[in-house]
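Trainee: I should be grateful for a close look at a single part of this structure. Please take one strand together with the elements around it, and then turn to the helices.

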Amino acid sequence: MKTGIVDVGGGLRGIYAAGVFDWCLDQKILFDLCIGVSAGSANVVSYIAGQRGRNYRFYAEYSFRKKYMGIGRFLLKRSFIDLDYVYGTLSNSDGEYPVDYQKVAESTSEMLIVATDARTGRVKYFDKGDIKQDRYDILKASSAIPFVCHPYDVEGIPYFDGALGDPVPVQKAFDCGCEKTVVILTKPERELRTSNQDEKFARRIQKKISGSGQSA
């Protein structure tokens with residue numbers, strides 16, 4: 001039976017999901033398919049690499065650094081979160097806490113990273129074939145929150161946060177053959193999500209892209 005796990009992200013709330021993945025590693029629980037959205041993409045990669053505690057450190061320690069995120073980064077780079085610092089400087093092979101890329105490549109688990117085409121609004125599912133040693137652009141693309149970050153280019157195509165295209169990709173897991181799927185949610189159990197905020201974001205993004213001459 002093929003099993004899947006979906007981490008929907010949620011910014012710094014992703015520390016909860018990081019704990020779930022660490023527990024799974026402790027219990028030697030492995031999933032056949034791992035899908036990550038936004039911050040969930042980083043959790044998924046560390047889990048597949050077997051790097052227990054890695055993402056906890058990013059949330060609990062690195063996120064307080066000015067180079068990681070803050071108003072200073074926004075004024076300097078017009079991006080509140082420095083995705084190149086998070087998924088490059090810190091995560092590359094010569095970084096402070098590198099991704100164990102070799103274990104990711106050798107893992108039997110499939111991986112999908114969700115992003116949204118900034119030009120069309122269509123969802124994009126990246127897989128292992130789109131990630132290479134010290135080239136974690138798909139994680140940056142999946143985590144590029146509109147108005148907080150610039151869209152991130154992957155092979156010349158700008159992408160925004162995956163939550164815009166497929167916020168809870170459970171159906172994608174089933175479409176990939178999973179019979180059972182675990183979904184990690186980080187919002188309070190009784191909090192009802194509506195599309196109002198998403199629609200406002202979509203209108204503002206479309207207006208911005210149309211004004212720049214790109215096709216929306």
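Mentor: What follows begins with strand β3 and its partners, and then moves to helix α1 and to a residue of helix α2.

The model is a predicted one, and the description should be read in that light. Strand β3 spans residues 110–117. It is mostly covered, since 7 of its 8 residues are buried.

Three strands pair with β3, and each may be taken in turn. With strand β2, residues 33–37, the pairing is parallel and runs over 5 bridges. Within this pair, I35 stands opposite L112 of β3. Strand β4, residues 123–127, also pairs with β3 over 5 bridges, but in the antiparallel sense. Here A115 faces K124 of β4. β3 and β4 form a hairpin in which 5 residues lie between the two strands. In the turn of that hairpin, G121 has a positive phi of about 80°. Strand β6, residues 157–161, is joined to β3 by 3 bridges, and the two run antiparallel. T116 stands opposite F160 of β6.

As to the helices, α1 comprises residues 14–26, 13 residues in total. From its first C-alpha to its last it reaches 18 Å, close to the 18 Å expected at 1.5 Å a residue. The buried residues in α1 are G14, A17, A18, F21, D22, C24 and L25. These residues lie on the same side of α1, because they cover an arc of only 155° around the axis. A general property of helices bears on this pattern: an α-helix has 3.6 residues a turn, so residues three or four places apart point the same way. The cover over the buried residues of α1 includes β1 (3–7), α2, α3 (54–60) and β7 (180–184). Just after α1, K28 adopts a positive phi of about 55°.

Helix α2, one of the elements that cover α1, occupies residues 39–48 and contains S41. S41 counts as buried because its relative accessibility is 0%, where the cut-off for burial is under 20%. The side chain of S41 reaches the backbone oxygen of S38 at 2.6 Å. When its neighbours within four places in sequence are set aside, S41 is in contact with G36, I113, L139, S142 and S143. Among these contacts, G36 falls within the residues of β2, and I113 falls within those of β3. The contacts of S41 thus lead back to the strand with which this account began.

Note on methods: Residues numbered from 1 in each chain as written. Predicted model: local features only at pLDDT ≥ 70, side-chain atom pairs only at ≥ 80, totals over all residues. Heavy atoms only, no water. Helix = DSSP H or I, 4+ residues; strand = E, 2+ residues; numbered from the N terminus. Buried < 20%, exposed > 50% of the residue type's maximum accessible area, 1.4 Å probe, protein only. Polar contact = N/O pair within 3.5 Å; in protein donor to acceptor, adjacent residues only side chain to side chain. Contact = heavy atoms within 4.5 Å. Expected span 1.5 Å × (residues − 1). Arc of directions from axis to C-beta. Pairing = 2+ DSSP bridges.
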